[in-house]
Amino acid sequence: MTAVIDDPAASSRTADEQVVVAIDGPSGSGKSSVSRAVATRLEVGYLDTGAMYRALTWWCLERGLDLSDQDGVAVASRELPLVMSHDPQAPAITVDGTAVDLAIRETRISEAVSAVATNLAVRADMKQRQRALIGEIASATGGVVAEGRDITTVVAPDADVRILLTASEAARLARRSKELHGSDDDSSLERTREQVVARDAKDSTVSQFSVAADGVVTVDTSDLDFEQSVQAVLDVVRAGVRAG
């Protein structure tokens, strides 16, 4: 069962006024932080679909499930007792009543999540969950910014605005290295490489997040700081909404 934490203030926007923004991109491109900021500025909800795969990975490891057991992991996915907040400023995640926000960001999860995310049966289940959540969040808050790997092409190909947020490999490694290790020196970069480049290579076998599909706008943040990246995405969203 998947649930969304209720928002005490329901949106006054009608269904026609709701905006759905889908953002894809590789590791370290700034998807999560930029998406949260964009959702906050637009005053809509937020969905981190990658966190759902991480939460399932955590759940499987806690239960001692072998991640190479694809059938077993698929069953675990369908049974996953996951609750996600749609608040972009406090995107809390719980599994079976346990807060896992920090636990799912641990190195052991980052190194194992691809085994779960490349399980096609899991992806099929998660796609249905994510589509349902996007609809629920949009109804509750007047819109949603959903980010992940294949949101623009598989989960929400009919989103009002679809964006591929990308950056050079060097920029992505440096950002993730600073996030994980507080430094982007050579040693930290090498320790980070497995979590960025290798994981992207594994995940790219089941989803496309390096080249924009037709109708998807590319935003390259390689030479942009955080605020510039947020503004670039907002510009695309507002232009897309006006055009629609």
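**Exercises on salt bridges**

A search of the whole structure, which is a predicted model, finds 6 salt bridges. The exercises below examine some of them.

**Exercise 1.** Determine which parts of the structure the salt bridge between glutamate 227 and arginine 41 ties together.

*Solution.* Begin with the contact: the closest N and O atoms of glutamate 227 and arginine 41 are 3.1 Å apart. Next, locate the partners. Glutamate 227 belongs to helix α9 (residues 226–243), while arginine 41 belongs to helix α1 (residues 31–42), so the salt bridge ties together parts that lie 186 residues apart in sequence.

**Exercise 2.** Classify glutamate 227 and arginine 41 as buried, partly exposed or exposed.

*Solution.* The partly exposed class lies between the cut-offs of 20% and 50% relative accessible area. Glutamate 227 has a value of 43% and is therefore partly exposed. Arginine 41, with 39%, is partly exposed as well.

**Exercise 3.** Establish where the partners of the salt bridge between aspartate 150 and arginine 123 lie, and whether aspartate 150 and arginine 123 are buried or exposed.

*Solution.* First, the closest N and O atoms of this pair are 2.7 Å apart. Aspartate 150 is found in the loop between β7 (143–148) and α6 (151–155), and arginine 123 in helix α5 (residues 120–141), so the pair links parts 27 residues apart in sequence. Then apply the cut-off: buried means under 20% relative accessible area. Aspartate 150, at 8%, is buried; arginine 123, at 10%, is also buried.

**Exercise 4.** Identify the residues that shared partners join into one network.

*Solution.* Salt bridges with shared partners connect Glu62, Glu106 and Arg108 into one network. Within this network, the side chains of glutamate 106 and arginine 108 meet at 3.3 Å, N to O.

How values were computed:
Residues numbered from 1 in each chain as written. Predicted model: local features only at pLDDT ≥ 70, side-chain atom pairs only at ≥ 80, totals over all residues. Heavy atoms only, no water. Salt bridge = Lys/Arg side-chain N within 4 Å of Asp/Glu carboxyl O. Helix = DSSP H or I, 4+ residues; strand = E, 2+ residues; numbered from the N terminus. Buried < 20%, exposed > 50% of the residue type's maximum accessible area, 1.4 Å probe, protein only.
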